[in-house]
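The following exercises concern the architecture of one protein chain. Each task is followed by a solution that proceeds step by step.

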Amino acid sequence: MEATKNRWLIALSAIAIHLSIGGAYAYSVYTTPVSEAMGWTPTQVTIAFTIMMALAGSSAALFGKFVEKSGPRKSAMVSAVLFGLGQAGSGVAIAVESLPLFLLTYGLASGLGLGIGYISPVSTLVKWFPDRRGLATGLAVLGFGTGALITAPVADSLMTSVGISNAFYLLGAAYFIFIMIGASYIAPPPEGWMPSTMKKDMASGKKVFKKDLQQLTSKEAVKTRRFWLLWGMMLINTTAGIMMISVASPMAQEVVGLSAAAAATMVGIMGIFNGGGRIGWAAASDYLGRSNVFFIFFVIQMAAFFTLPLTTNVILFQVFIFLVVSCYGGGFSNLPAFIGDLFGTKQLGSIHGYLLTTWSLGGVFGPMLVSQIRAQTSGYTAVFYVFFALITLAFILSIFMKRDIKKIEREVQEKQREEEAVNY
């Protein structure tokens, strides 16, 4: 029965889920209206977003095994309830003028729903697209990055036309409906399923598809060196990307004299590169290999961070920022497929959840590092060199990763030869 499902509709279902929870990134449109209407300080209002983003990565790790055990449909439905109620509940908090309730609804409930919803469709997509893992997961994660672009103007218009509370009610209901629609169709394929074109290519020898390095549980995966190499690579890549996103506008204005209006335009274009990087780098990884793509990420960013303090050209400065942001987005989209390559699909959702702790940590370390260094040195030059050093460390980790993969591949080949010799 499941084999009759259309895998591209499965991908569309995943996109519907990620588009909905991706609306979380549009939070900045609420800050001023909520602050002015409630009399809360912008800092107090922003705490809700901080709680949500901190929970996004940590809840993905906490509920990874739940997602694997319950399956994508039930997990996505739980996400729909938590995220939808969290958003609609924020409207109640505004109506009763309760900041603690706002923190509980937008921060806690939405954060839990966001984390569960993020990982729910990913392992399923990897299983439906064994031939194009990067492209499939890139499409879903692109949906997450695009969610804010759709939600921001809609939320702004709703707050103006029907009021803040009603805007939250309507958006919460819309998120719930769209996630439930996605959940209603999504399901894993039968064990060992592969598309007919892949079967034909394998039978004819037209294409050689690499097998997963190993099939490991999450407990087994975290005991391997390559898990922690990937964790370190993701933490640094995420920290660098979030740092750049958090200060891009003031940085460009101070360093190369960009006007406030031009900086605002640049921030909008950054969103395009963030989203484009998610699908572009993910699709490229199907041909270049995931470890090679991460290697390229760090080469690009080493060049960018080393050159940025020496750059006075406005266009070139922005190009470097766009490249760093594209690598940030590409890291998230390549991660699920890379996990499948390294550890198999047995407990991909759970392993993915553990690795997404780098999302929460990067969200804290990136803005914190840049603000502290900027305050101590009264400029961004030291920031660029500190991140050049961090990216260099990630580059070294990526070299160790490539060596580790080759070592495991040799061990697997030797074991196969020994088994064949015994059978012969």
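**Exercise 1. Overall build**

Determine what share of the residues in the protein chain is buried, and describe the fold content and dimensions of the chain.

Solution. Buried residues account for 52% of the 424 residues in the protein chain, where buried means under 20% relative accessible area, exposed over 50%, and partly exposed in between (1.4 Å probe, protein chains only). The model is predicted, so local features need pLDDT of at least 70 and side-chain atom pairs count only at pLDDT 80 or more, while totals for chains, interfaces and linings use all residues. Residues are numbered from 1 along each chain as its sequence is written, and side-chain values use heavy atoms, with hydrogens and water left out.

The next step is secondary structure. The protein chain comprises 17 helices and zero strands; helices (H or I, at least four residues) and strands (E, at least two) are DSSP runs, numbered from the N terminus. Its radius of gyration is 22 Å, close to the 22 Å that the globule rule gives for 424 residues, so the chain is as compact as a globular protein of that length. The radius is taken over C-alpha atoms, and the globule rule is 2.2 Å times the number of residues to the power 0.38. Along its principal axes, the C-alpha trace spans about 80 × 55 × 35 Å.

**Exercise 2. Three helix pairs**

For the pairs α3 and α5, α11 and α14, and α7 and α8, classify the relative orientation and state the handedness of the crossing.

Solution. Axes are lines fitted to C-alpha atoms, for helices over the stretch in contact, and angles run from 0 to 180 degrees between N-to-C directions. Angles under 35 degrees count as roughly parallel, over 145 as roughly antiparallel, 65 to 115 as roughly perpendicular and the rest as oblique. A crossing is left-handed if the near helix is turned anticlockwise from the far one by less than a right angle, and right-handed if clockwise.

1. Helix α3 (residues 42-62) and helix α5 (residues 99-119) have axes that come within 7 Å and cross at roughly 30 degrees. α3 is therefore roughly parallel to α5. Their crossing is right-handed. The residues of this contact comprise 18 nonpolar, six polar and no charged; Ala, Val, Leu, Ile, Met, Phe, Trp, Tyr, Cys and Pro count as nonpolar, Asp, Glu, Lys and Arg as charged, and the others, Gly among them, as polar.

2. Helix α11 (residues 225-256) packs with helix α14 (residues 314-343) at an angle of about 160 degrees, their axes being 9 Å apart. The two are therefore roughly antiparallel to each other. α11 passes α14 in a left-handed crossing. The contact of α11 with α14 has 24 nonpolar, four polar and one charged residues.

3. Helix α7 (residues 133-162) and helix α8 (residues 164-185) pack at an angle of about 140 degrees, with axes 7 Å apart. This makes α7 oblique to α8. The crossing of α7 and α8 is right-handed.

**Exercise 3. Helix α16**

Compare the span of helix α16 with its expected value, and identify which of its residues are buried.

Solution. The expected span of a helix is 1.5 Å times one less than its number of residues. For the 21 residues of α16 (residues 357-377) this gives 30 Å, and the end C-alpha atoms are 30 Å apart, which agrees.

Burial is then assigned: T358, W359, S360, G362, G366, V370 and I373 are buried in α16. V370 has a relative accessible area of 2%. The C-alpha atoms of V370 and S246 are 8.9 Å apart, although the two residues are 124 apart in sequence. T357, also found in α16, counts as partly exposed at 22% relative accessibility. Its C-alpha atom is separated by 4.8 Å from that of G57, 300 residues apart along the chain.

**Exercise 4. Positive phi**

Where are E97 and S378 placed, and are they buried or exposed?

Solution. Most residues other than glycine have a negative phi. E97, not a glycine, has a positive phi of about 55 degrees. E97 is found in the loop between α4 (64-95) and α5, and is exposed with a relative accessible area of 56%.

S378, likewise not a glycine, has a positive phi of about 60 degrees. S378 comes just after α16, in the loop between α16 and α17 (381-423). At 57% relative accessibility, S378 counts as exposed.
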